[in-house]
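Student: Hi! Could you walk me through this protein in plain words?
Tutor: Sure, have a look at it first.

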Amino acid sequence: MNSPVYKKNKSSATQNTCTLCAPLGASVVFKGVENSMMILHGGQGCATYIRRYIIGTCREPVDIASSSFSETEVIFGGEFSLGKAIDNVIAQYHPEVIGIATTCLAETIGDDINGIIKKYNAKKNTGVHLIPISTPSYKGTHIDGFNAAVYALCDFFAQPGTKENNVGIFPGFLSAADLRHIAEIVRSFKLEPIIVPDYSQTLDGGVWKTYHSIAPGGTGIARLKLLGSVRSAISFVTDQVNDAAGLLHARFGVPAQYLPVPIGVKATDSFVDTLKTISGREPDSVLVQDRARLIDSYIDGHKMVYNKKTILYGDAAFVSAMARFSCEIGLCPVCIATGDRSASLKKLVADIEWPSAQKPHIVEDADFTDILELSRTLNPDLVIGNSKGYQLSCELGVPLIRVGFPIADRIGGERILHTGYKGSQELYDRIVNTIIARSQESSDIGYGTY
Ligand code: SF4
């Protein structure tokens with residue numbers, strides 16, 4: 001039996017959106033490129049909105065420049081102001097790379113940023129790499145902007161070369177802790193990961209002794225160039241339009257491997273098996289022990305999680321991975337929702353074996369009003385998603401397990417580990433303990449029923 005697909009009332013406006021804006025995704029990607037800056041072509045408010053979300057989750061300084069539209073640019077176009085913004089950013093930050101993403105306004109007036117950048121380069125020849133990314137938010141989400149920026153970087157920098165021990169990793173929008181852990185797993189197979197983007201330091205760094213106008217860290221130009229000669233490109237991304245691994249395959253013959261985000265035993269096994277094949281090595285004892293501990297904890301906690309009804313939401317690739325993980329540990333997803341429009345969530349979850357004969361509702365292009373309306377009829381025990389779902393969890397009177405992005409109402413959002421056996425273990429413990437705490441709260445004797 002197919003999953004019921006919730007039909008959104010298309011005549012109604014989106015309320016309390018389940019996604020963020022497209023240039024936000026592109027801005028996060030450029031935080032993962034060494035010595036780079038981002039300029040948003042459009043109004044200043046967009047840069048403020050985006051900075052608020054990134055800083056709210058990562059608690060690190062995040063500078064995003066703007067071509068700062070006024071009425072003049074809206075009427076006559078923003079070529080002059082974009083040129084000025086590029087000049088200013090080069091003078092103040094001295095970057096090697098500048099990403100230039102369009103806001104809704106620049107897209108609406110039809111500014112040709114490719115043409116503007118060509119003209120700018122012809123006139124000034126600064127030596128700074130200027131990379132345009134079209135990110136209309138009325139057409140796409142933060143994930144579309146993220147994937148478009150990763151694609152643009154590969155398209156711009158990747159070059160053919162001699163194959164060495166490098167593996168290209170396109171992780172999608174994960175936490176800084178996830179990026180560090182994924183790199184650690186790849187290196188345990190004696191392979192060198194080229195992660196695009198890698199904001200594991202820039203968005204989760206230490207204390208500085210001296211001020212840096214651009215945070216240290218990120219994947220540098222030399223490594224981006226090597227993407228054309230990696231032994232394999234591993235992608236956890238489901239976007240078929242901005243498919244960076246597909247680009248490397250088509251242009252340089254790099255084998256492209258598409259895997260689910262490695263959350264849970266099965267999905268992490270797929271990642272580990274792929275690395276085994278590429279490297280010809282067995283997983284090291286740390287990975288083997290992490291896996292064994294995770295399975296042991298599933299046995300310990302299964303009676304607490306079994307059949308607990310769960311609402312899941314987030315971007316399509318991430319939420320489908322969370323759905324797989326939920327089923328693996330015995331939770332019963334009753335609603336799986338995404339604000340994405342371009343990736344078919346229904347297809348991504350089609351092969352999941354649901355624990356109950358009652359299939360979950362799959363909601364695409366969802367907002368929180370849709371999710372709440374549906375969830376009220378489903379009597380859930382838990383909500384799992386980013387901090388934008390806090391109100392949803394309050395309305396439903398059930399706990400929220402914070403995962404994904406943004407986590408703007410807690411500290412440490414950038415340090416939440418979701419991936420690998422280790423990250424799955426942390427997630428599992430948090431889920432089980434939340435269920436136990438809830439049971440304990442309603443107990444007269446101070447203990448749960450477990
Ligand atoms: S106007 Fe568009 S680009 Fe600017 S913040 Fe809003 S959604 Fe994002």
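Tutor: We can go through the domains, the ligand and a few odd spots in the backbone.

Student: Anything I should know before we start?
Tutor: Yes, this is a predicted model, where local features need pLDDT of at least 70 and side-chain atom pairs count only at pLDDT 80 or more, while totals for chains, interfaces and linings use all residues. Residues are numbered from 1 along each chain as its sequence is written, and side-chain values use heavy atoms, with hydrogens and water left out.

Student: Cool. Which domains does the protein have?
Tutor: The assignment gives domain 1 (22-141), domain 2 (166-279) and domain 3 (285-441). Such bounds come from an automatic or database domain assignment.

Student: And how far apart are the centres of domain 2 and domain 3?
Tutor: Their C-alpha centres are 24 Å apart. The contact involves 27 residues from domain 2 and 27 residues from domain 3, where contact means heavy atoms within 4.5 Å.

Student: How much area do domain 2 and domain 3 bury between them?
Tutor: About 2100 Å², with 65% of it on carbon and sulfur atoms. Buried area is the accessible area (1.4 Å probe) that two parts lose on being put together, summed over both. On the domain 2 side, H181, I263 and V265 lose the most area to domain 3, together 28% of what that side buries.

Student: What about charges? How many salt bridges are there between domain 2 and domain 3?
Tutor: Three. A salt bridge here is a side-chain nitrogen of Lys or Arg within 4 Å of a carboxyl oxygen of Asp or Glu. The structure holds 15 salt bridges. One of them joins the side chains of D204 and R415, at 3.6 Å from N to O.

Student: Got another one?
Tutor: K422 pairs with E184, and their closest N and O atoms are 4.0 Å apart. This salt bridge links distant parts of the chain, with K422 in helix α17 (residues 420-441) and E184 in helix α8, 238 residues apart. Helices (H or I, at least four residues) and strands (E, at least two) are DSSP runs, numbered from the N terminus.

Student: Why would side chains pair up like that?
Tutor: Side chains of opposite charge can pair when their charged atoms come close.

Student: Switching topic: which residues surround the ligand?
Tutor: They are C21, P23, C46, Y49, T103, C104 and S137. A residue counts as near a molecule or strand if one of its heavy atoms lies within 4 Å of it. The shell divides into five nonpolar, two polar and no charged residues. Ala, Val, Leu, Ile, Met, Phe, Trp, Tyr, Cys and Pro count as nonpolar, Asp, Glu, Lys and Arg as charged, and the others, Gly among them, as polar.

Student: And the odd backbone spots?
Tutor: The peptide bond from V196 to P197 is cis, with omega near 0°. P197 sits in the loop between β6 (192-195) and α9 (221-225). Another cis peptide bond joins F405 and P406, with omega about 0°, and P406 lies in the loop between β13 (400-402) and α17.

Student: What is the phi of N35?
Tutor: N35 has a positive phi of about 50°, although this residue is not a glycine. N35 is in the loop between α1 (22-31) and β1 (36-41).
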